[in-house]
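Here are my notes on the model, set out as numbered points for discussion. I begin with the sheet and end with a single residue.

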Amino acid sequence: MLDLKRATLDHQRTYGCGSRPFADGAQLAAWAIEAGACSAVEIGTSLGYSAACLANAGILVQTVDRDPVHIELARRHLNERGLASRVNCMTGEAVEVLADLPAGETDLAFFDGMEVSVAEIEVLARTLRPGGLLIVSNMKLGGQAAEVRELIGGWQPREDGEVLLAVKPSQARRPATLGRSTQHRTRR
């Protein structure tokens, strides 16, 4: 998978886009395996490095990226590695695309977009089953990191560098900001 990580970094340098691989795909897969994940939802496909690491660990992945070029490259990379059947790549705005996924059925939700937002974390959290693991990367890039920490404060969060990990409680409390996100989804 390291060749895919290098390809993503080369793509970023060549095109100056937001394409950026997760820092440690092996660690991501280890967290997923430790959590007993069989299914995952990811925001921020890029060229498919994280999805490939999860799929290679036996996890079914649904991933979304707003850039259709990235999605096409990810599909090609996943196909070349024999992982295409384990990963569903979707193009569009994550909040809109993931709003159609069933609630409470995913084992792992992973944010690897550029700047974390409350709306994106809310839609990921909605897909998670009780006891599911939320992994939020790029917490130091700005965005709404403080608001996200507040949103999942009751979820047993811990931080590992720029990554926040949290387990969804059995009885998830309904955050005050949830209504805002729901209203956003109905304005389509």
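1. Two strands are counted as paired where DSSP finds at least two bridges between them. In this predicted model, β1 and β4 (residues 106-111) are joined by 4 bridges and run parallel, and within this pairing A40 stands opposite L108 of β4.

2. Helix α2 (residues 25-34) packs on the sheet, where it touches β4, β5 (128-136), β6 and β7 (163-167), and its direction makes about 165° with that of β5. Helix α6 (residues 118-127) also packs on the sheet, touching β1, β4 and β5, with its direction at about 145° to that of β5.

3. What is the order of the strands in the sheet? The sheet is open and has 7 strands, arranged as β3-β2-β1-β4-β5-β7-β6, and its pairing is mixed. β3 (87-91) and β6 (158-160) stand at the edges with a single partner strand each, so that one side of each is left without a neighbour in the sheet. From one strand to the next, the twist averages 20°.

4. The pairing of β1 with β2 (residues 60-65) is parallel and comprises 5 bridges, and here the bridge partner of A40 in β2 is V61. A40 thus has a place in both pairings of β1, standing opposite L108 in β4 and bridging to V61 in β2. The chain passes from β1 through α3 to β2 in a β-α-β crossover that is right-handed.

5. β2 and β3 are likewise parallel and joined by 5 bridges, with Q62 standing opposite N88 in β3. Between these strands the chain crosses through helix α4 (residues 68-80), and this β-α-β crossover is right-handed.

6. The last point concerns T45, which is placed in the loop between β1 (39-43) and α3 (49-56). Is T45 buried or exposed? The cut-off for a buried residue is a relative accessible area under 20%, and T45 is counted as buried because its value is 1%.

7. Which residues is T45 in contact with, leaving aside its neighbours within four places in sequence? They are T63, V64, D65, I71 and A74. For V64 there is also a polar detail, since its backbone oxygen lies 3.3 Å from a polar atom of the T45 side chain. I would suggest reading this point together with the placement of T45 in the loop that follows β1 and leads to α3.

Terms used. Residues are numbered from 1 along each chain as its sequence is written. This is a predicted model: local features need pLDDT of at least 70, side-chain atom pairs count only at pLDDT 80 or more; totals for chains, interfaces and linings use all residues. Side-chain values use heavy atoms; hydrogens and water are left out. Helices (H or I, at least four residues) and strands (E, at least two) are DSSP runs, numbered from the N terminus. Buried means under 20% relative accessible area, exposed over 50%, partly exposed in between (1.4 Å probe, protein chains only). A polar contact is a pair of N or O atoms within 3.5 Å; within protein, one must be able to donate a hydrogen and the other to accept it, and residues adjacent in sequence count only if both atoms are side-chain atoms. Contact means heavy atoms within 4.5 Å. Axes are lines fitted to C-alpha atoms, for helices over the stretch in contact, and angles run from 0 to 180 degrees between N-to-C directions. A crossover is right-handed if, with the strands pointing away from the viewer, the path from the first strand over the helix to the second runs clockwise.
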